[in-house]
Each structure stands twice: as structure tokens, then as C-alpha cells.
Amino acid sequence: MSGATPSTARRAVRAVGLVLLLALLLAVPALLDSAYWLDLAVMVLVWAALASAWNISAGYAGGLSLGHAAFFGVGAYTAVLLFNELGVSPWLGMLVGAVLAGLLGALLGVITFRLKGPFFVLATLAFGFVVHILAVNWRGLTRGAAGLTLPFDGGPQNMLFADLSTYWYVGLGLVALVLGVSLWIERSRLGYYLVALREDEDAARSLGVRVVGCKVIAAAISAALTAVAGTFYATFIQYIDPASTTQFELSVQIALVAIVGGMGTALGPLLGAVIVIPLGEVLRASLGGGPALAVYGLLLVVIVLTAPNGLIAGLRRVGRRVGVATGVVR
Amino acid sequence: MLGIEHVTVDFDGLRAVDDVSFEVAEGQVVGLIGPNGAGKTTLFNVVSGLVIPTRGRVRLAGEDVARLGPAERSRRGLGRTFQVVKPFGGLSVLDNVVVGALTRGQRVGEARETAAGILTRLGLERFATTTARSLPLALRKRLEVARALSTGARLLLLDEIMGGLNPTEVNETLDLLESLRAEGLTFLVIEHNMHAIMRVAEHVVVINQGVRIAEGTPEEVTQHPEVVAAYLGEPHESA
Amino acid sequence: MPLDLTLQILTSGLLLGGLYALLAVGLTLIFGVLRVVNFAHAEFMMLGMFGAYWLWALWGIDPYLSIFIVVPGVFLLGVLTDRLVIQRSIGAPEVTVVFATLGVSIFLQNAALTAWSADIRSVTTPYGSAVVELGSVRISVPMLVSFVVALAFATGLWLFLNRTMFGKAIQAVAQNRDAAALMGIDVGRVYLVTYSVAVAAAGAMGVLIAPLFSVYPRVGLSYIVTVFVIVVLGGLGSVVGAVIAALLVGVIESVVGFLLGTAWAELAYFLVFLAVLVVRPQGLLGRRGAEVYQ
């Protein structure tokens with residue numbers, strides 16, 4: 001949100017880089033011709049969106065949530081139930097899920113805005129468990145651990161696509177949405193207020209920043225976007241159960257992806273997803289689920305101890321050095 | 001402008017402020033002095049809304065603000081600095097000041113201009129892009145003032161903004177206060193530097209162990225026997 | 001409800017609460033002294049369970065004997081964790097403090113999964129299902145033993161904190177780290193001892209419940225959340241509060257579980273937990289403001 005205006009050379013480099021990146025992203029389905037890799041690529045998008053959405057309340061506003069799986073679950077279950085029970089298109093279900101999750105996020109924000117440090121973390125964790133227990137035990141609605149399937153009879157109007165590449169493009173749209181919101185927040189009044197509150201709440205209040213309003217709005221936006229990712233995930237996998245949508249481990253992994261990438265920045269969580277998700281998949285495929293998760297645990301410890309600002313901070317330093325070396329940046 | 005009426009604050013059975021009352025009239029510079037631990041900063045916290053008094057009330061421009069939080073009081077024209085400085089450490093110096101300008105309703109672009117103007121006025125423009133955390137203490141104190149001004153406050157509570165400054169810096173700060181005062185701002189100032197207080201304040205309130213023990217012109221209070229007793233043994237640079 | 005049944009449910013609840021206390025006391029002590037929420041706490045219990053299991057499965061050593069091997073082992077693991085992770089996260093940003101121990105938890109859980117698979121194992125002892133009858137109330141012997149050990153540990157800890165110089169040093173650090181350091185207290189050593197003793201207690205609980213409950217890598221998760229509820233209820237940092245809250249939660253869980261089923265009992269105490277956090281975050285016996293980092 002600060003910094004001098006970039007020089008023309010720097011701008012040109014940025015523009016060229018952006019165009020190349022966009023072309024590359026659009027060409028991904030053509031480049032990855034195996035369903036396995038494209039499938040993984042779509043999951044990277046899901047996680048990029050989730051980590052990015054988490055970052056809005058955790059990174060900018062400083063509320064380290066360990067309950068975000070709850071909102072993911074709300075997005076997934078709302079859309080699937082509306083489609084299966086009432087025939088409502090998941091596109092619409094996605095909006096309903098987002099509004100529901102946004103309201104829940106706001107409610108959680110209202111009751112937790114005063115809590116600091118571990119107390120906030122534990123409150124979000126408890127909230128996540130409440131939703132998970134409901135998903136497992138409210139069998140009349142969710143069919144419990146048996147889960148729910150989305151019958152494939154829709155077509156595009158029902159967010160169900162015949163080929164993987166369409167999911168990739170829709171997923172790109174989802175990430176673009178979350179990234180857009182993040183960038184907008186960074187540059188907006190709300191962004192300034194959130195970061196000020198994160199850095200020093202008393203000072204921010206004494207400058208006229210209204211704590212409750214800001215935190216509740218951030219929590220609601222973050223929750224709503226997480227739910228949107230939940231709906232997309234549900235239509236992509238076409239099967240949901242509590243283990244894959246509301247479990248505590250999911251909340252942890254959302255945070256992990258954002259932290260490894262770099263919280264408090266718009267691009268950090270995306271970088272985190274690009275690195276962590278394929279890494280996890282490769283490890284799982286070669287060594288199995290246990291070792292893969294053990295590596296996640298180690299990675300988390302090492303990153304928070306040695307680089308709490310995430311990999312994006314290191315990447316920026318390297319980028320600056322390259323820029324200086326090539327004369328693009330002085 | 002500011003009325004403090006019978007304010008009492010208890011912390012865990014300890015009385016930090018005991019039935020203190022005084023007024024600050026518009027355009028005045030009032031000094032608030034007293035030994036360490038007298039309750040000066042607690043009184044500031046009561047006025048700015050960070051501490052809720054056990055008894056008593058605070059009036060801002062005639063309005064009882066008991067039910068208003070710090071943010072609402074700020075939006076009614078009250079600004080403050082913190083003795084233990086509270087910069088937004090990870091933000092640039094400019095962005096620190098932008099936050100306050102935004103709360104007066106300016107758009108981000110305008111707010112950045114306002115903030116830049118304030119930095120220039122306080123001689124901080126060279127540090128605009130510096131991370132606030134990495135400023136030396138004297139400059140962080142000045143950043144506190146810059147932020148308090150950014151909201152367009154009409155009444156400023158300054159908590160030891162001259163502590164740790166060298167004589168030249170103290171003089172610069174005093175000049176700044178005088179020019180702000182000429183613009184019609186009102187000040188309540190906590191200061192240990194008696195020389196500085198004598199120069200800017202026309203009215204001084206002395207508190208000791210939470211109790212207001214004297215009030216009057218700087219000359220009057222320094223003659224006051226209780227004030228002399230309270231400060232006995234504490235060497236001060238009296239004028 | 002008939003009187004016999006009521007007494008039975010209350011007794012089971014109290015015994016369960018005693019188990020929780022052994023975990024909760026350590027967790028709350030770590031928070032009070034180090035200002036760290038030890039998400040990995042129940043993983044040390046899990047390791048204690050596996051230690052007891054393997055010593056029994058491989059060499060037939062009874063858990064009540066192997067506890068003298070396993071607990072020192074877990075203590076050393078605590079020393080290692082403290083040196084490698086915990087001490088490095090002190091004074092770091094909040095995200096480090098919260099997520100470092102969470103990372104340790106994920107690592108230990110999955111290292112165990114990798115080493116020993118997800119199989120559910122159990123230790124069978126001659127006394128595993130032994131009961132003593134007190135009037136009409138039946139009390140499981142291993143439960144009673146764990147209960148006694150838990151209360152003895154909590155009492156010993158309380159005496160240690162209040163009657164010894166080192167215990168007082170620990171309390172001084174909990175009150176004010178910087179002032180304690182200025183007074184010549186070796187803060188790093190206080191942290192090391194506090195952390196290692198607390199996780200060793202978790203390990204001891206693991207050994208004690210091995211004859212009672214199934215042993216598997218993710219077993220910690222079902223305890224840790226309950227124990228969080230307990231330490232917040234008792235006031236994070238308060239040892240006495242943790243014991244009282246542990247007994248209380250044990251009884252509540254037992255009663256509500258009987259009346260409504262375990263799932264709804266769990267739901268109920270999460271809601272109570274949220275309510276306590278919102279209304280009285282310092283817990284029943286905690287100091288106000290304990291949630292603010294120094």
C-alpha cells in the first residue's frame with residue numbers, strides 16, 4: 001500500500017510479465033494433458049482461493065482463524081442441498097452459501113472481536129468444531145459421515161462441466177475474484193483500517209477507526225469468499241462429506257498454505273498454494289499420506305520460525321536483486 | 001472545550017485517579033503535571049475513552065461522552081499521542097498518518113496528500129516511506145503528533161512528546177505547538193520538562209497520587225506548598 | 001434418575017475429570033509461564049500411550065512399570081522440542097507462537113502414523129477391566145489409579161510452585177519475564193523445565209490410560225480440544241483453576257453424555273466454551289488481561 005511510483009522500465013517489465021503469466025494460465029489445460037495433473041491444478045486453484053480468503057481476515061486484520069473449514073462447509077453443503085432437494089442451480093446456491101457464510105462470519109466477528117491472541121484462535125477453533133459436529137450428526141440434513149453426491153445431470157447452467165479444462169477456467173475466475181477483492185481491500189480505506197487495527201488496536205481506535213465494524217466486515221468478506229470456494233469444490237468433486245469439508249485439519253491447512261506463502265500480502269497465499277499443494281501431492285503419491293502430512297508439519301514449523309513473513313518476502317528480495325543486477329531497478 | 005468532572009479510577013482496589021475535576025477552555029494550552037505514577041496518563045486514557053472511569057464524567061464541547069468509545073471521541077475532534085509510543089510498526093510513516101486522515105472522511109488519494117502535508121510540516125517528509133518500526137525514538141514521538149493531527153483534531157492530548165528530545169528539538173516542538181495554537185487548536189499537555197511547560201502553558205493542573213493538588217498559572221503552582229512538597233527531592237528544571 | 005445411577009454417573013465423571021486434569025495442568029502451566037498455547041500437548045500423551053503399548057507388546061512390560069521408562073523418554077522429547085522450537089518462538093510474532101506448536105502437533109501425529117500405521121491397538125492387562133465396588137457404585141481400578149496419580153501430580157506441582165525456590169522462580173517468570181530476568185533468574189531454564197515437566201505429565205497420562213483406551217496416532221485430537229475448553233474455563237495459566245475445571249467438565253460430559261448422547265454433549269460444551277470466551281475470557285479463576293501478550 002506504500003512505495004514510490006514504479007519507473008517506466010519497471011512498469012514495462014511488469015506488463016510483459018503479466019501478459020505472459022496470463023497466457024500461461026490460459027494454456028494450462030493444453031500443457032497438462034493428463035487428467036491427473038489438471039485435476040491437481042484445479043485443486044491448486046481451490047486452495048489459492050481459500051488461503052487468499054483466509055488472508056483477508058487473518059493476514060490484513062490479524063485474526064488468526066482456525067475455523068475457516070466451517071465456511072467452506074457452508075458453501076459446499078448449501079449449494080449441494082439446494083440443488084439436490086430443490087433443484088436450485090449451484091450458481092445461485094453459491095450466492096446463497098456466500099450470504100449465509102458471510103452472516104455466520106459476521107456473527108463470529110461480533111462475538112470475538114474483543115478477544116486477543118490465543119483466545120481468538122481458540123474461539124474460532126471451537127466455532128469450527130460446532131459446525132463440524134452439526135455436519136456429522138445432523139443426519140436428516142447432511143446424511144452425516146455418508147456424505148452427499150451431486151448427480152451429474154446439469155451442464156454448465158448447473159456449474160457441472162463435462163471436461164476438466166472448464167473447471168480450470170472457472171477456478172481461475174474464482175481466484176481472480178478473491179485476488180481482486182484482496183487488492184481492492186489493500187488499496188481501500190478498509191484495508192488501511194484493518195492493518196492499523198492489526199498493528200495497534202488502541203492507537204487505531206484513538207485515530208477514529210471503528211473496531212467492531214472493520215473486523216466484522218473483514219470476517220464476513222473472508223467467510224463469504226471461503227464459501228464460494230466451497231461451492232466450487234463441491235461441483236468439481238461432486239461428492240462432499242464432513243471429513244472433506246468441515247474437518248479441523250482443513251482449517252489448519254488453509255492457514256498453513258497462506259502462512260507458507262506469506263500472509264498480509266495479496267500474492268503470498270497464491271504462492272503458498274502453488275508450492276504447498278503440489279508438494280503435498282507428490283509426497284503423498286511417493287511416500288503416502290502420513291509422511292506427506294509430517295512434512296507439512298515440519299514445513300510449518302520451519303517457516304514460522306525462520307520466515308514468518310512467508311516465502312513471498314524471500315522471493316521479493318530475490319526479485320529486487322535480479323532487478324538491480326539487470327538495471328531495471330535502481 | 002473539555003470538562004473533566006469528578007473522575008475517579010480504581011484498578012484492582014488501587015485508586016489511580018481520585019475525584020479530579022478541571023476544565024480546558026477553547027484555544028488554551030493547559031499543562032498537566034505531577035510526579036511519576038500520579039495518574040496523568042490514566043486521566044488521558046479516561047478522556048480518550050480507553051479507560052472507563054469508576055465514577056465521574058468527561059464532556060467534549062459540552063457533550064457527555066461517557067457512552068462513546070475512543071473512535072467516536074476521535075471523530076468528535078479529540079486527538080492524542082501515547083507516552084509509550086504506539087506506531088503501526090509494519091506500516092510506512094506516511095501510511096501511519098494516512099489512517100487518521102481517512103477517518104475524517106477523505107478518500108485515499110486526498111488522505112495521502114493530507115498526510116504528506118503533515119509530514120512536511122513536522123519535518124518527517126524524508127521518512128515518508130520508512131517503516132515506522134525502524135524510526136529512532138525521537139522521530140517516533142514526532143510521528144505520534146503527526147498522527148494525532150491527521151484526524152483534524154481540535155483538541156489534542158499530548159503525553160510527554162518532549163521526553164528524550166535534545167534542547168533544539170524541544171524548541172522546535174514548542175514552536176510547532178505555538179503555531180498550531182495560533183490556528184485555534186486546544187491542548188492538554190503532560191510534560192516532565194518544566195521549562196517547556198512554563199513556556200507554552202497558560203494554565204497548569206498538578207496531580208499527585210491521583211489527587212488534584214493545585215491549579216493556576218505556572219508561577220502560582222510552582223509557589224504552591226503542596227506542589228513543592230510533592231516534588232521535593234525530585235530535581236526539576238524550574239524556570 | 002435413580003440415586004444409584006446418579007452416583008455412578010457422577011463418579012465416572014469425576015474420574016474422567018481427573019484424567020483431563022493431568023493434561024490440563026501442564027497445558028495451563030505452559031501458557032502461564034511461556035505464554036504459548038501448546039497445540040502439541042496431547043501428542044505427547046499419544047506418544048506415552050504408544051510407549052506403553054510397545055513396551056508391553058514387545059517385552060510384556062506392564063504399563064505401571066513401563067511408566068518409569070516412558071515418562072523420562074517423553075521428558076527428553078520435551079527438552080528437545082523446547083530447545084528446537086518453543087524457545088525460538090518466544091517473543092516472535094503471534095503467528096509464530098500459535099503455529100509453531102500446531103506444526104509440531106501435525107508432525108508428531110503423522111510421524112507416528114508413518115511409523116506405526118493408523119491401526120487401532122490396545123494393551124490388555126489383568127486389571128484392565130477390574131472394578132472395585134463402593135456400595136452400588138462400580139469404579140474401574142485403572143481409572144482410579146490415574147485419578148489418584150493426577151491429583152497427586154497436581155498437588156505436587158502446587159507444592160513445588162509455592163514451596164521451592166525454583167517453583168517461585170517459575171512464578172516470577174509467569175508474572176513478569178523481564179523483571180525476573182533482571183533479578184537473575186535464568187528464564188531459559190525455567191522455560192525448559194516448565195515445558196518438559198508439563199509434557200512429561202501428558203506422557204504419564206498416556207501410559208496410565210493405555211490399559212483403558214485404544215492407542216492410535218490421532219488419539220490426541222479427541223483430548224486436546226476438551227482440554228482447551230478446560231484450561232480456558234479454569235483461566236489460562238491457573239493450575240488450581242485447571243483442576244477444578246477438569247473435574248467439572250468430566251462430570252458435565254458424563255451427565256450430558258448420558259442424557260443426550262456424546263455427540264450432543266460435545267456440541268453443548270463447545271457452545272458453553274464460546275459463551276465463556278465471550279463473556280468471561282479470563283475464565284472462572286484466571287486474571288483479567290491474561291490473554292494479552294506481555
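Val276(A) touches Leu256(A), Val257(A), Val260(A), Tyr296(A) and Leu299(A), leaving aside residues up to four places away in sequence. In this predicted model, Val276(A) sits in helix α13 of chain A, which covers residues 268–287. One of its partners, Leu256(A), is 20 residues away along the chain, and the two C-alpha atoms are separated by 8.6 Å. How accessible is Val276(A)? Its relative accessible area comes out at 0%, and since anything under 20% counts as buried, Val276(A) is a buried residue.

Elsewhere in chain A, things look rather less covered. Leu21(A) belongs to helix α1, running over residues 8–31. With a relative accessibility of 46%, Leu21(A) is classed as partly exposed, because that class lies between the 20% and 50% cut-offs. Leu21(A) also has company: together with Leu18(A), Leu24(A) and Leu31(A), it makes up a nonpolar patch on the surface. Taken together, these four leucines have about 420 Å² of accessible area.

Now for how the chains meet. There are 2 pairs of chains in contact, and the pair with the most contacts is A and C. Chains B and C, on the other hand, do not touch, and their nearest C-alpha atoms are 10 Å apart.

Between chains A and C, 39 residues of chain A are in contact with 42 residues of chain C. The area buried there is about 3,600 Å², with carbon and sulfur atoms giving 85% of it. On the chain A side, Phe119(A), Leu122(A) and Leu305(A) lose the most area to chain C, and together they make up 18% of what that side buries. As for polar links, the A and C interface has 2 residue pairs in polar contact, counting pairs with both residues at pLDDT 80 or more. It also has 1 salt bridge, in which the side chains of Glu249(A) and Arg218(C) meet at 2.5 Å, N to O. Which elements of chain A give two or more residues to the side that touches chain C? They are α5 (117–137), α12 (248–261) and α14 (289–306). The largest share, 14 residues, comes from α5(A).

The other pairing, A with B, brings 20 residues of chain A into contact with 33 residues of chain B. Here the two chains bury about 2,100 Å² between them, and 59% of that is on carbon and sulfur atoms. The salt bridge count between chains A and B is 3. One salt bridge joins Lys86(B) to Asp200(A), whose closest N and O atoms are 3.7 Å apart. Across this interface, 15 residue pairs are in polar contact, again with both residues at pLDDT 80 or more. On the side of chain A that touches chain B, α8 (189–199) and α9 (201–206) each supply at least two residues. Of the elements on that side, α8(A) gives the most, with 6 residues.

Finally, a look at chain C itself. Thr262(C) is found in helix α11, which spans residues 262–279 of that chain. Is Thr262(C) buried or exposed? Its relative accessible area is 65%, and because the exposed class takes in values over 50%, Thr262(C) is exposed. Thr262(C) and Ser222(C) are 40 residues apart in sequence, and their C-alpha atoms are 12 Å apart in space.

Key: Residues numbered from 1 in each chain as written. Chains lettered and ligands numbered in written order. Predicted model: local features only at pLDDT ≥ 70, side-chain atom pairs only at ≥ 80, totals over all residues. Heavy atoms only, no water. Patch = residues over 30% accessible without salt bridge, like charges linked within 9 Å, V, L, I, M, F, W, Y side chains within 5 Å. Areas by Shrake-Rupley, 256 points an atom, 1.4 Å probe, with all protein chains shown as cover. Helix = DSSP H or I, 4+ residues; strand = E, 2+ residues; numbered from the N terminus. Buried < 20%, exposed > 50% of the residue type's maximum accessible area, 1.4 Å probe, protein only. Contact = heavy atoms within 4.5 Å. Buried area = accessible area lost by both parts, 1.4 Å probe. Polar contact = N/O pair within 3.5 Å; in protein donor to acceptor, adjacent residues only side chain to side chain.
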